[in-house]
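Trainee: Could you take me through this model, and tell me for each term why it is used?

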Amino acid sequence: MKKTRKILLSEKEMPRQWYNILADMPNKPLPPLNPATREPIGPEALAAVFPMGLIKQEVATERYIDIPDEVLDLYKTYRPSPLFRAVNLEKALGTKSKIYYKYEGGNYSGSHKANTAIAQAYYNKEEGIKRITTETGAGQWGSAMSFACHHFGLELLVFMVRVSYDQKPGRKIMMKAYNAQVVASPSTMTAAGRKVLELDPESPGSLGIAISEAMEVAVQDPYTKYSLGSVLNHVILHQTIIGQEALLQMEKAGDYPDVVIGCFGGGSNFSGIAFPFLREKLLNDKNIRLLTVEPASCPKLTKGKFMYDFGDSAGMTPLLPMYTLGHNFIPEKIHAGGLRYHGAGVLVSQLLKDGFIEAKAKMQMECFEGGVLFARTEGILPAPESNYAIAGALDEARKADIEGVSRTILFNLSGHGHFDISAYEKYFEGNLPDHELTSSEVEEAISKIQLPD
Ligand SMILES: *Cc1c(COP(=O)(O)O)cnc(C)c1O
């Protein structure tokens with residue numbers, strides 16, 4: 001029988017609801033705390049930075065939330081996204097396993113980030129907001145948000161992590177093309193940025209710093225709100241469109257994954273593909289493993305500590321219960337910029353703690369090797385971030401072959417790498433240093449976490 005390579009859904013078959021894992025989690029996450037009082041905060045505490053529509057989703061407990069028509073309209077320009085069987089990759093590996101991937105790079109932004117950018121811009125517009133501030137690491141989020149904001153008539157100010165601003169000028173230009181204002185972070189525009197620059201004028205920046213800057217600007221103006229591309233519950237909710245579609249596509253393929261894999265920055269693309277499958281496990285006893293792969297240089301899930309910490313470096317967010325390396329931790333300048341975040345989302349953290357998710361850490365050389373093998377077999381040059389998911393999938397296939405079994409593997413190809421050519425150039429030059437954060441470095445980073453008394 002000929003193997004199906006590409007499994008498509010029609011527009012009509014596209015799911016009309018996002019899935020909220022909070023409804024089905026056996027242990028609900030601990031509440032966010034007010035840093036000053038250590039009391040749980042209510043939704044109103046977030047009102048200075050987010051519109052109510054998104055705050056409601058942040059704390060929502062119902063299982064399904066309808067996707068608004070205006071969001072669906074834009075989704076339909078690129079969704080349902082294709083699911084592929086990686087036939088050529090399987091052949092190159094000589095594996096008995098089946099490898100599927102969901103491709104989220106085929107939209108205007110080149111990554112899964114468009115799925116939440118569109119929703120966030122929409123809810124802000126609905127409440128009369130005029131301007132949004134945000135941070136971006138590798139630039140994918142900023143690009144996703146730029147077009148979404150422009151589409152809904154909102155201005156966008158992007159704080160772009162300095163190291164990416166310098167390494168990835170292409171993304172900067174793309175954001176400008178979509179009519180956004182882009183500033184390198186740390187910047188002199190905010191108190192948070194100036195403080196970092198005073199201590200280290202050469203600071204490469206971090207997502208944590210950029211978040212502080214974007215939030216600082218947002219809280220100063222009632223018509224400006226802040227927007228985050230990962231980590232938070234409402235972001236993860238929007239990304240579940242990926243897994244909702246993948247479930248239907250696997251059904252069409254007449255198959256079901258043994259393991260679902262995603263790379264890990266703050267948890268949104270991994271959760272997006274994995275949570276609908278986790279629902280099937282929790283509610284319908286479908287057996288499955290969920291595996292997430294993070295960089296060895298930023299190993300919050302595999303080496304970090306589960307504790308209350310800030311989501312940003314200046315301590316402007318509520319205290320969140322999560323796996324963290326410390327909110328002041330500045331990761332090495334690896335090329336998967338989207339994975340350089342110190343913490344993990346609250347939902348993923350609780351699920352990891354409860355044993356529903358597995359995590360592993362990998363070095364960047366091995367991941368680029370996997371990415372190049374993938375490009376040469378499947379014809380898509382992956383985002384450096386996605387290479388971590390690919391490396392995880394290759395591990396699973398090789399392990400299965402050693403064990404003499406066939407495994408059905410599904411991973412999320414979170415984006416393409418067309419703006420990451422310089423990282424691939426370094427890889428081909430043999431100039432991509434591996435870096436692993438050691439346990440004692442992790443301990444040191446964690447010991448530096450200072451929370452207010
Ligand atoms: C931002 C990004 C990631 C990491 O973020 P998550 O929230 O963990 O998904 C991964 N891949 C790509 C292509 C990204 O743009």
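Mentor: Let us begin with Pro 80, which is found in the loop between helix 2 (69-75) and strand 4 (83-85). Residues are numbered from 1 along each chain as its sequence is written, and this is a predicted model, in which local features need pLDDT of at least 70. Side-chain atom pairs count only at pLDDT 80 or more, while totals for chains, interfaces and linings use all residues, and side-chain values use heavy atoms, with hydrogens and water left out.

Trainee: Why are 69-75 called a helix and 83-85 a strand?

Mentor: Both are DSSP runs numbered from the N terminus, a helix being H or I over at least four residues and a strand E over at least two, so 69-75 is helix 2 and 83-85 is strand 4.

Trainee: What makes the peptide bond from Arg 79 to Pro 80 notable?

Mentor: That bond is cis, with omega near -10 degrees. Another cis peptide bond joins Ser 185 and Pro 186, where omega is about 5 degrees, and Pro 186 is found in the loop between strand 8 (181-185) and helix 8 (191-199). In the loop between helix 7 (169-177) and strand 8, Asn 179 has a positive phi of about 80 degrees, although this residue is not a glycine.

Trainee: How do you know that the ligand makes polar contacts with His 112 and Gln 140?

Mentor: A polar contact is a pair of N or O atoms within 3.5 Å. An oxygen atom of the ligand is 3.1 Å from an N or O atom in the side chain of His 112, and for the side chain of Gln 140 the distance is 3.4 Å, so both pairs meet the cut-off. A ligand oxygen is also 2.9 Å from a polar backbone atom of Gly 267. The protein covers 98% of the 380 Å² of accessible area that the ligand has on its own (Shrake-Rupley method, 1.4 Å probe).

Trainee: What makes the site of the ligand a cavity?

Mentor: On a 1 Å grid over the protein atoms alone, a cavity is a set of points where a 1.4 Å probe fits but cannot get out. The ligand sits in the largest cavity, which means that more than half of the ligand's atoms lie within 2 Å of the grid points of that cavity. The volume of the largest cavity, about 330 Å³, is the space filled by probe spheres set on the points.

Trainee: Which residues lie nearest the centre of the largest cavity?

Mentor: They are Lys 113, Leu 207, Gly 229, Ser 230 and Gly 338, among 31 lining residues (each with an atom within 4 Å of a point).

Terms used: Polar contact = N/O pair within 3.5 Å; in protein donor to acceptor, adjacent residues only side chain to side chain. 1 Å grid on protein atoms, 1.4 Å probe; cavity = no way out; pocket = protein on both sides within 12 Å on 5 of 7 lines; lining within 4 Å.
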